[in-house]
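Visitor: I should like to request a close look at a single part of this model, a helix and its burial. Please then place that part in the setting of the wider structure.

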Amino acid sequence: MSKTLFDKVWDSHVVKHVEDGPDVLFIDRHMVHEVTSPVAFLGIENRGIDVLYPSKTFATADHNTPTINQHLPVADPLSANQLKALEENAAKHGISHWGLGHEKNGIVHVVGPEYGITQPGATIVCGDSHTSTHGAFGAIAFGIGTSEVEMVLATQCIMQPKPKKMRINVKGELSFGVTPKDVALYIISKLTTSGATGYFVEYAGDVFENMTMEGRMTVCNLSIEMGARGGMIAPDEKTFEYVKGREFTPTGAAWDKAMAYWKTLKTDDDAVFDKELTFDAADIEPMITYGTNPGMGMGISKSIPNAEDLEGGVATYKKSLGYMDFSEGDDMIGKPIDFVFIGSCTNGRIEDFRAFASIIKGRKKADHVTAWLVPGSHKVEAAIKEEGILDIIHEAGFELREPGCSACLAMNDDKVPAGKLAVSTSNRNFEGRQGPGSRTLLASPLVAAAAAVTGKVTDPRELMENANA
Amino acid sequence: MAYDKFEILKSTAVPLPIENVDTDQIIPARFLKATERKGFGDNLFRDWRYNNDDTPKADFVLNDATYSGKILVGGKNFGSGSSREHAAWAVYDYGFRCVISSFFADIFKGNCLNIGVLPVQVSPEFAAKVFAAIEANPNTEIEVNLPEQKVTLLATGESESFDINGYKKENMLNGFDDIDYLQNIKGDITAFAEDLPL
Ligand code: SF4
């Protein structure tokens, strides 16, 4: 029978199907971090169970870590306690641990691919909803709750009903200044934050085929923001090239065997999806959000829609705009901003910093803007230095911080103050996500860079040299 | 984590007719720093419930003595956002055993089922009736009958059935969780692991 990519990977991991219930799904790779794992470790200890396959779990500290002075003891006692718990739990159960200060430390979804933990055809879970990032490699990857973290530690399995399947095609060529982040925000704006709930998405079409691996990661990362369990892209030569030679990547005969298998990982021609959507790349321009969920986004040159023209509750829409202190019909361009955040597992990789640098080069940070530039990992940080991007950053009056989740969820000190407006390359613009009372505009690194140097929402295309123009 | 069995719940309900209530509202990230599962109920809806100086916001429903009960009725797409199970814990620890909505976000729904909070998905029409009934009389009682998979507005007798898969239903009725099940098939799991494609 014809199968989708998703079917192939899912079905090959089903240990057992429970009658009138979920599938028991075997998990190849389990990533844990300090915030959603302590209660799970406590759980298995209370039950007197050991970790079944310690070598399949990887721990890194990221959510709760400071992004300056990482060599000093962590000041917040609660955060320090969580970091210590992760370290102790990992040591006790023989799990690899890349804690704060470790050379391989970074955001869990950034380091996984960097070290080849992420591989095509694998099932990957983590107690963080943006685990969907790893789908860029043709893996089934999704976020789980702490009870499930406990299940994976104890049994290397979780119990999940098989989701429905959706394919999202984006055809054609992206216009000048349009990045993978814009593609994702565009799709979410069309589907809303619940449009893909219950589905697992496959992204297909020339736009994704032509995208770099890092761009694919950005797109898959944001799958959860339209409600999908996860998103994936069929592995191709680019994928294999990226994976090759990394620390956890198979070598020698194992590599040949893996390649032979990975090449089978694509949707059969006549396979059927429960839902299929197609968009035209030409319709996408640089995007920005104006509300309090990632579905409330639009092309940067447009004005905020009227409640009546949208699906969904008018009262909720108005509450959302009220929180943002925006009005229907407002232009986004020209709105003064206070903060800029470049980072997170959505846009904290080297290509994102290259994009940022391409705009700020030869310009200066706007005086009133506070900018947090936070690499996704030490590896990204090292590349920023090696490629001379750090010099560009310094010349423009910016500083680079140390890796971590930072203002993506504002669990550490990187909090946007109440009422302040931030342009952020992260993934959520929920009320207070970046600090109590903070207001967030989600956008690409190009849009964020343009805002950082002009101090207001600015169309980045005006600051870019269009080679084709 | 073991939890109390769920069979038939008869209770008044707390209405929250807002769409897309996300997990950052249910429990903001800065309250996720515990290493034990304790005290999350105090921070349920923290930023909607309290001012910056920790005084309660009078206009938020949890601070309004008119409404109480073990059932929370939310707007469409309840629980969107992060995978933090802390959101479900906060709902449970506050004292809710059931959330009714016309649509749930996936991970939140799964987390609820894993910790003993019953997510009851009803039609938008029925959800509207529930909100209207509570608005008309805050003491109106709702019965959530898990064995029969039925939710009833007791004042009028209007009811609707809801879906839950048979396996999860058994778990909720007995207070079991998935680890109990998985532990019993460990032999199957280790045999399977030997046989993976890579
Ligand atoms: S950067 Fe944000 S979304 Fe990514 S892992 Fe960290 S907290 Fe989660």
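Guide: A residue is called buried when its relative accessible area is under 20%. With that cut-off in hand, and noting that the model is a predicted one, one may turn to helix α13 of chain A, residues 350-360. Eight of the 11 residues in this helix are buried, so the rest of the structure largely encloses it. The buried residues of α13(A) are Ile350(A), Asp352(A), Phe353(A), Ala355(A), Phe356(A), Ala357(A), Ile359(A) and Ile360(A). After the helix comes Gly362(A), with a positive phi near 80 degrees.

Chain B offers a second mostly covered helix, α3 (residues 86-94), in which seven of nine residues are buried. Those residues are His86(B), Ala87(B), Ala88(B), Trp89(B), Ala90(B), Val91(B) and Tyr92(B). They pack against elements of both chains: α2 (38-47) and α5 (146-155) of chain A, and α1 (23-26), β4 (98-101) and α4 (106-115) of chain B. Just after α3(B), Gly95(B) adopts a positive phi of about 125 degrees.

Positive phi values also occur outside glycine. Most residues other than glycine have a negative phi. Asn69(A), however, has a phi near 50 degrees and lies in the loop between β4 (57-60) and α3 (77-93) of chain A. Its relative accessibility is 40%, so Asn69(A) counts as partly exposed. In chain B, Asn20(B) has a positive phi near 55 degrees and belongs to the loop between β2 (13-16) and α1. With a relative accessible area of 21%, Asn20(B) is likewise partly exposed.

Burial is also found in a loop. Gln434(A) is located between β17 and β18 (439-442) of chain A, and because its relative accessibility is 0%, Gln434(A) counts as buried. Beyond its neighbours within four places in sequence, Gln434(A) contacts ten residues' worth of surroundings listed here in full: Phe341(A), Ala407(A), Ala410(A), Asp414(A), Lys415(A), Val416(A), Ala422(A), Ser424(A), Ser426(A) and Thr440(A). Ala418(A) is found in the loop between α15 (389-395) and β17 (421-424). With the same sequence neighbours set aside, Ala418(A) is in contact with Pro436(A), Gly437(A) and Ser438(A).

The wider interior can be described through its nonpolar cores. The largest holds 115 residues, and Phe398(A), Leu441(A), Leu16(B), Phe45(B), Phe78(B), Leu118(B) and Val144(B) touch the most other members. Helix α16 (residues 445-454) of chain A supplies the largest share of this core, eight residues. A second, separate core of 88 residues includes Val9(A), Phe41(A), Phe137(A) and Val170(A).

Finally, the ligand sits in the largest cavity. Around the ligand are His63(A), Ile107(A), His109(A), Asp128(A), His130(A), Ser344(A), Cys345(A), Cys405(A), Cys408(A), Leu409(A) and Asn427(A). By class, this shell has five nonpolar, five polar and one charged residues.

Key:
Residues numbered from 1 in each chain as written. Chains lettered and ligands numbered in written order. Predicted model: local features only at pLDDT ≥ 70, side-chain atom pairs only at ≥ 80, totals over all residues. Heavy atoms only, no water. Core = buried A, V, L, I, M, F, W, Y, C linked by side-chain atoms within 4.5 Å. Buried < 20%, exposed > 50% of the residue type's maximum accessible area, 1.4 Å probe, protein only. Helix = DSSP H or I, 4+ residues; strand = E, 2+ residues; numbered from the N terminus. Near = heavy atom within 4 Å. 1 Å grid on protein atoms, 1.4 Å probe; cavity = no way out; pocket = protein on both sides within 12 Å on 5 of 7 lines; lining within 4 Å. Sits in = over half its atoms within 2 Å of the grid points. Nonpolar A, V, L, I, M, F, W, Y, C, P; charged D, E, K, R; others polar. Contact = heavy atoms within 4.5 Å.
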